[in-house]
Amino acid sequence: MKPPPFEYVRPGSLPEALDALARHGATGRILAGGQSLVPMMNLRLVKPAVLIDINRVPGLAEIRVDGGELVIGALARHAALLGSALVRKHCPLMADAYRWVGHGPIRNRGTLGGNISHADPASEMPAVLAACDATIGVRSAKQSRTIPAAGFFTGALATALAEGEMVTEIRVPLAQPGQGAAWEEAANRKGDFAMAGVGVLVTVAGGKCTHAAIGVAGMAKPGTRLSATEKRLVGTALDAAAIAAAARAAREEVRPSTSYHADATYKRELVETLAARALAAARDRAR
Amino acid sequence: MTATFPKHIPPEGYIPPSRQQEPPREGYKYIGQNMKRVEDPRLLTGNGQYVGDIVLPKMAHAAVLRSDRAHARIKRIDTAKAKALAGVYLVLTGAEAKTMTGPTAQFASPPVVQYCLAVERVRHVGEAVAAVVAESRYVAEDACELIEVEYEDLPVVVDPEAAMTSTGDAVLHPERGPNNIAQQRTFRFGPVDEDFAKADVVVKRTLRWGRSGAQPLETVGCVAAYEPGSGKFTMYTNSSFLNYVGWLVGASLGVPASKLNLIPCMTGGSFGSKLFTHKAMTLAGTLARAAGRPVKYLEDRIDSITSCDNHGSDRLYRCELACKRDGTMLSLRFQVIDDYGAYFQFGVGTHGNSLCQIVGPYRINSVQMELVAVLTNKCQQGAYRGFGSEVTNWMLERMADAAADELALDPVELRRKNLIQPDQFPYVIPSGNIYDSGNYPAVLEEALRIADLPQWKKLRAEARAQGRCVGIGVATCQERSVFSATEFWSLNGTENPGFTLTSSPESTQLRIDPTGTIHVTLGSPCWGNSPETMATQIVAEQFQVDPSQVNVVYADTQSGFNSTGPGGSRFTVMIAGAIVGAAKRVKDKLLRVAGHMMETDVADLELRDGKIGVKGVPGKEKPLGEVALFAHYFRLNLPEGDDFRERARRELRVRPPAHDDAGGRPQPSRDLLPDHGQHVPRGAGRGRPEDRQDVHPRLRCGPRRGHGREPDDARRAHPRRDGAGHRHRALREVPLRRERPARDRDVRRLPDPDARRDAAGDPRRARRDALAVHRVRHQGRRRRRPDGRARSAHASGRGRALVLRRALRRAAAHAAQGARARARGRAAIGVR
């Protein structure tokens with residue numbers, strides 16, 4: 001379980017990192033927290049020729065509020081986000097979901113930017129960012145652009161990142177009054193990748209649901225939203241009947257993959273149960 | 001045939017006298033007291049000196065290419081590219097290794113031939129195919145990728161039942177015969193047919209126990225060095241069985257034990273996974289000799305998971321329990337198919353172990369076991385926590401619940417009705433083992449009291465009303481303490497009996513240096529528990545010195561004494577007695593020297609606060625160091641005579657049962673070992689301080705390992721033809737601390753039931769009586785197997801009846817010789 005030989009580059013600034021990325025193209029990989037990349041290298045599942053270590057790049061780990069958005073640097077560690085008062089206040093769905101992410105040593109090293117660039121379908125954060133309508137800021141040596149989270153994830157372990165591009169920041173709209181958030185998940189062990197996870201954001205005004213967003217993890221594609229189910233919820237009082245109906249709809253709407261620990265049928269059952277729980281919790285928090 | 005002891009009472013004269021060294025007493029200063037672990041400072045500061053920490057001059061690193069096929073012929077191996085890689089010193093295939101090193105060690109008889117690198121055929125995913133020695137592990141693994149292997153796939157056998165009828169190319173070891181049955185025998189103990197004829201109900205169940213295994217933080221490894229001048233191997237190893245396996249590894253390498261020294265390293269977790277570790281030692285030795293430089297081979301996690309020595313039992317039971325309508329259990333009859341994987345390391349030793357407690361805590365009058373050991377394309381079974389008897393406990397409890405179901409009886413009531421009663425000890429179970437003492441009903445009642453079952457039943461009703469699936473389980477288990485290696489071969493066929501009975505000894509050496517420091521050398525290595533703390537406590541107690549004055553080290557195989565190893569909870573149980581014995585001899589000598597120095601009668605002297613003083617005269621004393629210095633360097637001042645000529649150095653070899661030689665209760669052997677406690681949920685925080693420190697962590701582990709095999713392990717452990725098993729095994733989720741199923745547990749020690757037998761009210765005598773029961777094993781065995789007659793009968797093979805009688809006798813003798821049943825029982829109630 002040792003990686004094959006590779007070259008190691010440690011840029012001291014973002015332009016240097018982007019230069020290295022441009023130079024090495026598809027053979028280069030960004031090393032952030034390394035919590036997925038390094039094990040995959042040790043198992044020789046991936047064999048990058050060059051590792052570009054961005055851990056010394058200054059300014060990439062910030063967590064701050066900028067206008068109406070929470071801005072998270074790509075190098076912000078899971079542990080920092082889990083413990084961040086800003087995250088708790090402005091993106092409670094992320095704070096709630098982080099309770100399920102990895103174990104202490106993993107969270108100490110792993111980064112949000114690395115997590116979404118890896119785009120594991122069982123990971124929580126793609127679903128959270130999709131539900132929050134976050135945008136992903138990416139840069140290459142030549143240009144920078146932003147990609148909506150829902151469009152960033154293109155498939156299992158696949159993103160919209162082009163060759164030479166890296167994630168630099170994540171922007172999440174600040175939580176608004178009347179909004180409630182909840183994350184529910186089922187994993188064989190706490191901290192493992194989800195068999196199924198459901199994140200819910202609802203906005204309640206005048207006793208009615210005015211906005212609903214549901215992101216699911218553990219399905220075929222990371223960062224999946226359940227837009228049909230969301231539409232059903234808008235206008236309801238989020239009462240038990242509405243939630244039960246939505247949970248059943250969610251069960252039908254998801255496109256689960258079969259994994260080693262859970263087949264598609266079981267995942268649908270999990271989604272129904274978890275969606276009902278998450279919706280009820282989010283509703284209660286919205287009040 | 002009928003049981004030898006139809007009424008479960010041992011015959012007259014079966015109980016030899018006690019070897020107890022000290023009577024029971026209270027008021028220990030160090031034993032049983034909470035104390036920081038002696039081992040911890042170096043472990044917690046990263047200075048534990050594990051195998052991975054060993055670095056020798058010119059040392060190279062080995063990696064192993066493993067099979068991605070479950071069953072295939074090796075048609076061709078091309079190592080040219082690997083050999084050409086810079087930094088590679090040696091590439092060795094199985095065929096090449098076979099010319100240097102013989103088959104690996106094992107206890108099966110007849111053996112199933114296995115090499116440290118597969119020869120001609122691979123039989124499971126993960127089997128070692130070739131090895132590389134290189135300047136670093138990285139280069140070695142790079143070279144492994146460059147080795148080209150051409151396989152010809154063979155039919156894969158993964159289902160144990162299907163393995164019983166395998167033919168042709170599906171037979172793993174054609175040289176052994178035309179099928180995959182490694183051993184098939186029926187053992188019958190007591191009047192099974194008669195008991196079944198008396199039954200009102202026969203409860204039948206098919207039960208499947210999937211395989212699981214240990215996942216130690218530290219994997220198995222070895223650093224081997226070979227000196228061509230002397231032809232001598234030195235190996236650093238984390239084997240906990242090095243005294244038992246060392247000379248066998250020597251035999252594989254073709255050298256006598258005098259040319260092989262195994263140096264034990266600290267062990268990072270075991271539960272059986274460090275017991276044998278012979279493949280790592282044999283491979284590292286082979287590579288070191290061939291490469292001409294020291295070699296470190298340390299399994300990585302994939303090596304460990306796919307080709308370890310610690311996959312546990314993998315059994316299919318077809319059970320019949322004969323009961324009366326009132327729930328009385330009469331007889332147990334079962335077929336067990338056990339999937340041993342591709343090789344047969346311990347033979348059916350796990351069933352030898354099971355038979356020692358085959359009826360659990362119940363009065364089941366007779367037992368019949370048909371054992372079918374099959375070979376399949378999986379990693380071989382080895383030693384894993386419980387060594388097979390835990391599966392028997394599970395089977396018994398499933399059958400008890402099934403009987404309660406069918407008879408519409410309360411599961412607790414059914415158990416209560418069948419427990420061996422306190423006045424029935426010593427109790428001979430049908431397979432011949434003796435339960436020395438116990439009070440099972442009291443354990444059960446205490447468990448029920450603490451668990452507050454009515455409260456749980458109420459909670460269950462409420463939860464079910466909410467649609468939740470909640471159940472309450474009750475188990476009453478009997479767990480003997482320590483094993484004797486005899487169980488590895490006690491069930492071998494009469495045509496291939498293997499070895500006779502072993503005494504499975506343990507030993508220790510104790511000496512005092514001129515400064516008064518007491519040095520204890522343990523014959524068994526550490527395997528992750530607290531042996532140094534245990535030894536320190538006992539020695540500090542014996543000499544009344546501060547624990548800092550005690551130094552505990554581990555012997556290597558060439559300086560150590562006879563020893564079996566810490567497996568099967570043997571460490572404290574066995575070595576405590578050896579330490580006490582050695583300490584008493586050295587203490588006697590010390591007092592004699594002090595008596596001379598102080599011109600005082602030895603009888604008037606006592607050890608107190610690190611000094612030797614005159615009883616009742618405060619201040620009249622000499623520090624232990626002063627007496628030791630005198631004894632070492634000023635011996636000319638001592639009178640001539642044997643009293644003083646003897647060196648202040650003693651060793652004592654203790655054979656089982658040594659447990660009770662440690663000197664009374666409470667003693668560490670009993671206090672520190674979970675198997676002597678009673679596991680009861682609820683009421684956490686009770687118990688003694690050392691429980692929280694030492695016992696509770698181990699108790700937590702028990703339920704968790706049960707939890708770990710709870711999902712359908714059998715399905716998941718199966719390697720598939722496409723090699724997916726390899727990765728799937730890696731995907732299996734090891735239950736971690738957070739997955740522990742029960743939060744509340746309690747350990748209770750109930751009063752030793754032996755005291756009850758003392759009519760004269762003398763607790764010392766009572767203890768002796770109880771101890772005498774343990775003694776049974778040695779002398780009873782000798783009487784039962786006089787002058788090799790049994791062996792000659794084996795050779796002549798005189799018919800079935802004789803075979804059965806022999807089996808019974810062997811099992812009885814087996815039980816007798818160290819499979820002592822610490823029959824205090826366990827009751828557990830778990831709510832999920």
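Begin the tour by selecting R333(B) and E320(B), which form a salt bridge whose closest N and O atoms are 2.8 Å apart. R333(B) belongs to strand β14 (residues 329-339) of chain B and E320(B) to strand β13 (residues 315-323) of chain B, so the pair ties together parts that are 13 residues apart in sequence. With 22% relative accessibility, R333(B) counts as partly exposed. Keep in mind at every stop that this is a predicted model.

Stay with strand β14 of chain B and select D339(B), together with K378(B), which lies in the loop between β15 (366-374) and α11 (389-407) of chain B. These two residues form a salt bridge in which the closest N and O atoms are 2.6 Å apart, and the pair links distant parts of the chain, 39 residues apart. Are these partners buried or exposed? K378(B) is buried, having a relative accessible area of 2%, and D339(B) also counts as buried, at 0% relative accessibility.

Next, select R42(B) and E532(B), a salt bridge with its closest N and O atoms 2.7 Å apart. Because R42(B) lies in helix α1 (residues 40-44) of chain B and E532(B) in helix α15 (residues 531-543) of chain B, the pair ties together parts that are 490 residues apart in sequence. R42(B) is partly exposed, with a relative accessible area of 29%, whereas E532(B) is buried, with a relative accessible area of 3%.

Side chains of opposite charge can pair when their charged atoms come close. How many salt bridges does a search of the whole structure find over all chains? The search finds 58 of them over all chains. For a group of linked residues, move to chain A and select E62(A), R64(A), D66(A), E69(A), E169(A) and R171(A), which are linked in a network of salt bridges.

While chain A is on the screen, select D133(A), which has a positive phi of about 55 degrees although it is not a glycine. D133(A) sits in the loop between α8 (124-131) and β6 (135-139) of chain A, and with a relative accessible area of 44% this residue is partly exposed.

Return to chain B for a set of paired strands, and select residues 221-227, which make up strand β9, with residues 232-237, which make up strand β10; the two strands pair in the antiparallel sense over six bridges. Within this pairing, Y226(B) has F233(B) in β10(B) as its bridge partner. The two strands form a hairpin with four residues between them, and G231(B) in the turn has a positive phi of about 70 degrees.

Now add strand β11 (residues 260-264) of chain B, which runs parallel to β10(B) and is joined to β10(B) by five bridges. T234(B) stands opposite N261(B) in β11(B). To follow the connection, trace the chain from β10(B) through helix α7 (residues 242-253) of chain B to β11(B), a β-α-β crossover that is right-handed.

Before leaving these strands, select T237(B), which lies in strand β10 of chain B and counts as buried, at 0% relative accessibility. The side chain of T237(B) reaches the backbone nitrogen of S239(B) at 2.9 Å.

Follow the chain onward to F271(B), in the loop between β11 and α8 (278-291) of chain B. What backbone feature does F271(B) have although it is not a glycine? F271(B) has a positive phi of about 45 degrees, and this residue is partly exposed, with a relative accessible area of 36%.

Two peptide bonds in chain B come next. Select S109(B) and P110(B), where the peptide bond from the former to the latter is cis, with omega near 0 degrees; P110(B) is found in the loop between α3 (94-98) and β4 (121-122) of chain B. Then select F425(B) and P426(B), which are joined by a cis peptide bond with omega of about -5 degrees; P426(B) is placed in the loop between α12 (411-418) and β16 (427-428) of chain B.

For the last stop, turn to the surface and select L629(B), Y633(B) and F634(B), which make a nonpolar surface patch of about 320 Å². F634(B) lies in the loop between α17 (624-633) and α18 (642-645) of chain B, and at 41% relative accessibility F634(B) counts as partly exposed.

Notes
Residues numbered from 1 in each chain as written. Chains lettered and ligands numbered in written order. Predicted model: local features only at pLDDT ≥ 70, side-chain atom pairs only at ≥ 80, totals over all residues. Heavy atoms only, no water. Patch = residues over 30% accessible without salt bridge, like charges linked within 9 Å, V, L, I, M, F, W, Y side chains within 5 Å. Areas by Shrake-Rupley, 256 points an atom, 1.4 Å probe, with all protein chains shown as cover. Salt bridge = Lys/Arg side-chain N within 4 Å of Asp/Glu carboxyl O. Buried < 20%, exposed > 50% of the residue type's maximum accessible area, 1.4 Å probe, protein only. Pairing = 2+ DSSP bridges. Right-handed = clockwise from strand over helix to strand, strands pointing away. Polar contact = N/O pair within 3.5 Å; in protein donor to acceptor, adjacent residues only side chain to side chain.
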